[in-house]
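Subject: A structure for you to explore

Hello,

Here is the structure I promised to pass on, together with some notes to read beside it. Please open it first and keep it in view while you go through them.

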Amino acid sequence: MMNWKRWVCICTCAGLLSGQALALPEMGGLKAKSAALYASDGTPLYGYHEDEKLQPASVTKIMTMLLIMEAVDSGKLKMTDLVTGSAYAASMGGTQIWLKEGEQLSVDEMLKAIAVGSANDCAVAMAEHLAGSEDSFVQLMNTRAQELGCTGTTFVNANGLDTGGKKTMTTAHDLALISVELLKHPKIIDYTSIWMDTIRNGQFGLANTNKMLKKYDGMIGLKTGYISEAGFCISAAAKREGLTLIAVVMAAPDKDARTADASQLLNYGFANFAAYTPDLSEACVELPVVLGKEPYVPILCDTPDTITIEKDRLEGITIAYERPDVLSAPVTQGEQIGKARVMDAQGEVLREIPLRVGCDVERQGFWDILGLLCQAAGGGRENAK
C-alpha cells in the first residue's frame with residue numbers, strides 16, 4: 001500500500017507537469033478563499049482553490065516590481081534615474097506618499113516606496129516612466145503574465161486599485177508564478193525585507209505593510225494587499241536553511257487570518273521539504289579528442305539548480321553520468337555531449353543536467369597529421385641509433 005508521503009511526491013510531480021499544485025489533504029483550517037504554496041524554484045507544493053479568480057489588491061505590485069527589476073537588470077533603467085510624478089500619478093488614492101506633480105524621486109526611492117509603503121502613486125509614476133503611460137504599462141504586465149503561464153490573470157492598472165469599475169483579477173497560482181519570477185532578481189529582497197526606512201532625504205518615513213517580517217522567522221517579503229472587495233491578500237516569501245518558499249493567500253477575512261494562513265502554509269513547507277543541491281564535481285573531467293588539435297577537452301556542467309524535495313527522500317540520492325569516453329574533433333564550446341541524472345533511492349529522476357564541452361577543439365588537417373607522422377618517424381630513427 002502506498003504511504004501518504006509517497007502520494008505527496010506523486011502529487012507534487014504531477015503538479016510540476018501540469019503547472020499547477022494539487023490540493024493535499026494534510027492542510028486544513030485555512031480561512032482564505034484561495035491559497036498556494038510554491039518553492040522559489042517553481043515547484044508547486046500545495047494548492048487550495050488556487051485557480052479561482054479573485055482580486056489581488058496591492059499584491060498586483062509584484063508584477064509592477066518584476067517589470068522594474070527586469071528593466072534594471074537589463075540596463076534599461078538605473079536605480080539613480082529620476083522619475084517625475086505626473087498629475088495622474090499624484091491623484092491616486094489609498095496608500096501613498098502624497099507624490100506631487102512634477103516631484104522627482106530616484107528609481108531607488110520609488111521602488112522603496114512601492115515595496116515597503118505600498119505607494120499607489122509611485123507604482124503609477126514608475127509605470128509611466130517605463131512605458132510612457134499606465135495603459136501601455138498594463139499591456140506589458142499582461143503580456144509578461146502570459147509569458148509566465150498565468151492563465152487566469154488580467155491586470156487593469158499598476159497598483160491594484162479599482163479603476164472605473166474595472167478590476168484586476170488573478171489567481172493564487174498565477175501570483176505564485178509571478179512571485180517565483182520576481183525572486184530571480186535577488187536585489188528585490190533588499191527592498192521587500194525593509195522594516196522601516198525613509199525617503200525624501202529622511203523627511204518621509206516608511207513602515208512595511210508586511211508585518212510578518214517581525215512575526216515569522218525567515219520572512220523576506222514580498223507584498224501585502226487589501227481593498228474591501230478583495231479582502232486581505234499576501235504573497236509571503238520566507239527562507240530557511242537554503243529553502244525559499246512562497247505562500248500566496250487571497251481573500252482572507254482579516255489581517256490575523258491572512259497571517260495565520262500564510263504561516264500555516266510556510267510551516268507545512270519547511271516541515272516537509274528541503275533544498276538539495278547536487279554535487280556535480282565528478283562531472284568536471286577531461287575527455288580525449290580523436291584527431292583534435294588539442295588532445296583533451298574539459299567537460300563542464302551547467303550550474304545545478306537547487307532541487308526542492310521531500311525530506312524523507314534526501315537519503316539515497318545518486319547521480320549517474322551519461323557521457324562518451326572519447327570525443328571526435330571538431331568539438332564546439334558549449335556543445336552538449338551528455339547529462340548528469342540525479343535520482344532518488346527508488347530510481348525516480350529528480351533532475352537532468354546537461355554536460356557541455358568547455359572549449360573549442362579544431363580537427364587536425366592534412367598538414368597537422370603529416371607533421372605528427374614526420375615527428376614520430378624522426379623519433380623512431382633517433383631511437384634506432
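Let me start with a term you will need often: a residue is called buried when its relative accessible area is under 20%, exposed when it is over 50%, and partly exposed in between, using a 1.4 Å probe and counting protein chains only. Arg144 is a good first case, because at a relative accessible area of 15% it is buried.

Two remarks on how to read the rest. The model is predicted, so local features need pLDDT of at least 70 and side-chain atom pairs count only at pLDDT 80 or more, while totals for chains, interfaces and linings use all residues. Residues are numbered from 1 along each chain as its sequence is written, and side-chain values use heavy atoms, with hydrogens and water left out.

**Salt bridges**

Side chains of opposite charge can pair when their charged atoms come close. Here a salt bridge is a side-chain nitrogen of Lys or Arg within 4 Å of a carboxyl oxygen of Asp or Glu, and the structure holds 17 of them.

What is the salt-bridge partner of Arg144? It is Glu147, and the closest N and O atoms are 3.1 Å apart. The two residues sit three residues apart in helix α6 (residues 134-147), which means about one helical turn separates them. (Helices, H or I with at least four residues, and strands, E with at least two, are DSSP runs numbered from the N terminus.) Unlike buried Arg144, Glu147 is exposed, with a relative accessible area of 55%.

Now look at Arg313. Glu310 forms a salt bridge with Arg313, with 2.9 Å between the closest N and O atoms. Asp344 also forms one with Arg313, and there the closest N and O atoms are 2.7 Å apart. Asp344 is in the loop between β16 (336-343) and β17 (349-357), whereas Arg313 is in the loop between β13 (307-310) and β14, so this pair ties together parts that are 31 residues apart in sequence. Both Asp344 and Arg313 are buried; the relative accessibility of Arg313 is 9%, and Glu310, at 6%, counts as buried too.

Elsewhere, salt bridges that share partners join Glu70, Arg144, Glu147, Glu181 and Lys184 into one network.

**Sheet and hairpin**

Strands of a sheet pair through backbone hydrogen bonds, either parallel or antiparallel. Two strands count as paired if DSSP finds at least two bridges between them. Six strands form an open sheet with mixed pairing, in the order β14-β16-β17-β12-β11-β15. At the edges are β14 (318-322) and β15 (327-328), each with a single partner strand, so one side of each has no neighbour in the sheet. Strand β11 (residues 286-290) pairs with β15 in the parallel sense over two bridges, and Val290 has Ser328 in β15 as its bridge partner.

Another pair to find is β5 (residues 196-199) with β6 (residues 204-207), which is antiparallel over four bridges. Asp197 stands opposite Leu206 in β6. The hairpin of β5 and β6 has four residues between the strands, and Arg200 takes a positive phi near 55 degrees there.

**Nonpolar cores**

A nonpolar core is a set of buried Ala, Val, Leu, Ile, Met, Phe, Trp, Tyr and Cys residues joined through side-chain atoms within 4.5 Å. Which members of the largest core touch the most other members? Of its 70 residues, they are Met63, Ile68, Ile97 and Met126. Helix α2 (residues 61-73) gives the largest share of this core, nine residues. Contact means heavy atoms within 4.5 Å; leaving out residues up to four places away in sequence, Met126 touches Ile68, Leu77, Val83, Val107, Met110 and Ile114.

A second, separate core has 27 residues, including Tyr46, Ala262, Leu265 and Tyr268.

**Two buried residues to look up**

Gly269 is in helix α10 (residues 255-272) and is buried, at 0% relative accessibility. Its C-alpha atom is 8.5 Å from that of Tyr46, though Gly269 and Tyr46 are 223 residues apart along the chain.

Thr171 lies in the loop between α6 and α7 (172-182), and it is buried, with a relative accessible area of 2%. Beyond residues up to four places away in sequence, Thr171 touches Glu50, Asp51, Glu52, Lys53, Gly152, Thr153 and Met250.

Enjoy looking around!

Best wishes
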